[in-house]
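Please open the model in your viewer and keep the selection tool at hand, since each stop of this tour begins with something to pick out.

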Amino acid sequence: MKKLILIALTFTIIFAQQGDYVRKSVSSLESVWYKADAMAGIEFDAKTFDMFMKHYVEIERFDYNVLPANLLEDFRTEANMLTEISAESLSGVLENTVTSKIVEILNDPSVMENRGTALKDEAAFQSFAATKAKSLGLTTDELQALMNSAFIYLPYIKSATMEMDDNMLKFKMEGGIVWWQLKVDESGNSSVVKIKDATTSGISSLDPESKSSLTGKSDYSHFSFGDKKWPTTPEQYAQNDAMLAFAKNLGVKTKEIDDFKLTAQIVEATGKQYGFNLGTKEGVHLDDGFNLVEYEENSDGEEVAVKSGFIRVSKTGDNKKDPNNYSYANQLLGKQVSEGTVVMEHPRLGLDARIKLGLITGLTIDKDYMPAGLFYSPNLFEEDISSAIGVDIFLSYNLAPIIGVSQTFLDFNFTLAYPLAPFNEELEEVPSIIPFIFSGYLGATKKAWFGASNISLFAGAGVESLNLSGKLFDEDYLYSVRSIAFKAAADFELLISPDLSLNIGAQYKYALPPMQLALKYGSIDETYEGSDVEELYPDLSLSALGLNLGVNYALGELPFNLFGFLDPFKKY
C-alpha cells in the first residue's frame, strides 16, 4: 500500500515571546510514500516502518491530528505515473493535487473569516465548522485540522534492493523527506511553499547462515527495539535494520528545521551553568546540545538567529507535572551570558565517530610467521616486526539518556594497522599478499569535562588478528591468526565546534596467546582452535602500546543501524 504523511502544524494568532517554543499541532496521513515497483519484489514491512517513524519523527514536541484521506486520491494516481522518483518530481505532484486542494479550501471566504474563531468562541466555531464541513464533503474534525495547517511533509522511498553478494545478504533503501509550509499573507490568502528537501539512506549487510554458538539458532531470528521483540527471517531482519537507520536519520532532519527546533529563554544563570524551561515533555535528554543565540537584524530588516555559544544538558527537568522544573546545561563554547538569552536545539543522532591515526609499538611477530605465499614461500619481511602504523575508529553511542550518567558511551572500536618492516630483498617478484593487523573491541568510554576540554577513558575487550590477504593463483586467499585481547585508552580532547573535537592520546592492548587460526583459499574454509594454534606460534604476541592523534565528530546521519535497539530506553 502506498503511503503518505501530511504534517500540519498549528497556526496561532497569538505570537509567543521571542525564544519560547510553541508546541506544534501535527496532522498526518499514514507514514511513507513509495511506488510498488521501487521495492523490486520486496515484501515491505510497513508495520515496523510505521513504528520507527512514530518513534523518531512523531516526537514529543508535536500534537497529532488526522487530515482527510480523500485528499490523497489524485496524488497517488499522478505519483504512480512518475518515471523518476525525486524530491522535485514528488513536490510537483503534491503541489498540483493535495496542497492545491488545501489552499482552495482555506481560501474559501467563510473559512478565511472564521479561521481565528476557535480562539475566541469555541461554541461558535463548532457551529460554523459543522455546517461548512458538510458542504465541503469533510467531517468537522477534518476541516478543523485543515484550518490549523501550517506545515506539510512527505517522507518517501525512492528505491529498495536486496541481493546476495559473496554469501552476504545486503539490503539498501534510498529516499528522503520534503517539507512545505502553508503561509497566509496580510489579506488572509493561503499559499504553500517548499522549505526543505533532504535525502538519506539505510543499509544492512549480514550473513544469513550465521548461527549462535550457544543455541545453534539463527543470529537473525528475532529483531529487538527497546522492550519489543518480534520473529524475523534474515531477509526481514536486514530490512528492519536498514529501516531503523533510515527513520532515525529522518528524525534528525526534521528537528533541524528552524521552526521545529526547541527554543527557550534562560531563566537562571550561575556562572556558566544555565537553567531553561524545556524538559521531558518536549523530549529533551541528558547530554543534548543547544546553541546560545542572539537575534540580529539582517540587511532585509528580518530578525535572524546568530550563534554565540554552545551548551550541553547536565540535568533534564521533569516538566510533565511541574512546568517550573527546569533543565540545566553547562557552557562549553562562547562567552558567558545572562538570563533572557535564547537557547536553540542542536539536533544530533547521539552517536560520535572518533578517528585516530597512530603508531603501535611493542609487537612481537617473528618474520617466519609472515610468508609471501603458500607452503615453502620465502618470508615477506626481512626482519621481525615490532611496530605498525594504523587507523583506529570508534563509533560511540551516548548512554547518558538511558543510565543517567553524563558523557558515558558504549563503543564499537576497530583498528586496521600495517606492519612496519623492510620487505625481503630476496623476493623474485612483488608479492600479491597484503599483511595487516585487524582488531575489534566492544567497550565503554567516560568523559570528564572542564570547559571546552575533556579527559576520556576507554576500556574494552575484543579480538586481535594478524592477517595475510590477497590473490594466489587467481584464488582469494586469507590467513588469519587471532587472539582474545583487552584494551585501555586515555585521550585529551579539545572542543573546536559543537560537533568537532581534536584529541591526542595513548592506548595499551594486552593480547592473550593465539587461540584461533582461520584459512580461506578457493573452496577451502577451515578454522582451527585450541592449544595446537598456540604451539604453532609460540613467539607471537599482539600486545602493544599505541600513540595517536585524531578527531571526534558528533554525527547527524549514519546509513547503518548501530545500537539503535537502545533508543526506546532513553528516559533521562
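Begin by selecting Phe52, Tyr56, Tyr220, Phe223, Phe225, Trp230 and Tyr237, which are linked into a cluster by ring pairs. Keep in mind throughout that this is a predicted model.

A search of the whole structure finds 21 aromatic pairs, and one of them lies within your selection: phenylalanine 223 and tyrosine 237 meet edge-to-face, with 4.9 Å from centre to centre and 65 degrees between the planes. Phenylalanine 223 belongs to strand β7 (residues 222-225), whereas tyrosine 237 sits in helix α9, 14 residues apart from it, and both residues are buried.

For another edge-to-face pair, move to tyrosine 397 and phenylalanine 563, whose centres are 6.1 Å apart and whose planes stand at 70 degrees. Tyrosine 397 lies in strand β16 (residues 385-398) and phenylalanine 563 in the segment after β24 (544-554), so this pair ties together parts that are 166 residues apart in sequence. Tyrosine 397 and phenylalanine 563 are both buried.

Next, return to tyrosine 237 and extend the selection to the whole of helix α9. Of its 22 residues, 19 are buried, so the helix is largely enclosed by the rest of the structure. If you place a distance between its end C-alpha atoms, you should find 32 Å, which agrees with the 32 Å that 22 residues should span at 1.5 Å a residue.

Now display the largest nonpolar core, which has 54 residues, and in which Phe44, Phe52, Met173, Phe276 and Phe290 have the most contacts. Helix α9 (residues 234-255) supplies the largest share of this core, eight residues. A second, separate core of 33 residues can be coloured apart, and it includes Ala372, Phe394, Phe458 and Leu517.

From the first core, centre the view on phenylalanine 276, which touches, among others, Ile266, Phe290, Ile311, Tyr326 and Val343. Then show the closed barrel of six strands, which runs β9-β10-β13-β12-β11-β14 with antiparallel pairing; its neighbouring strands are turned by 50 degrees against each other on average, direction ignored. Within the barrel, strand β9 (residues 263-270) pairs with strand β10 (residues 273-276) over four bridges, and glutamate 268 has glycine 275 in β10 as its bridge partner.

Finally, select strands β17 (residues 408-419) and β18 (residues 433-450), an antiparallel pair with ten bridges, where leucine 410 is partnered by alanine 444. Adding strand β19 (residues 453-472) brings in 18 antiparallel bridges to β18, with isoleucine 434 opposite serine 469. End at glycine 451, which takes a positive phi near 70 degrees in the hairpin of β18 and β19, where two residues lie between the strands.

Conventions
Residues numbered from 1 in each chain as written. Predicted model: local features only at pLDDT ≥ 70, side-chain atom pairs only at ≥ 80, totals over all residues. Heavy atoms only, no water. Core = buried A, V, L, I, M, F, W, Y, C linked by side-chain atoms within 4.5 Å. Buried < 20%, exposed > 50% of the residue type's maximum accessible area, 1.4 Å probe, protein only. Contact = heavy atoms within 4.5 Å. Pairing = 2+ DSSP bridges. Expected span 1.5 Å × (residues − 1). Axes fitted to C-alpha atoms, helices over the stretch in contact; angles between N-to-C directions. Phe/Tyr/Trp six-rings, centres within 6.5 Å; stacked < 30°, edge-to-face > 60°. Lists of a residue's contacts leave out its neighbours within four places in sequence.
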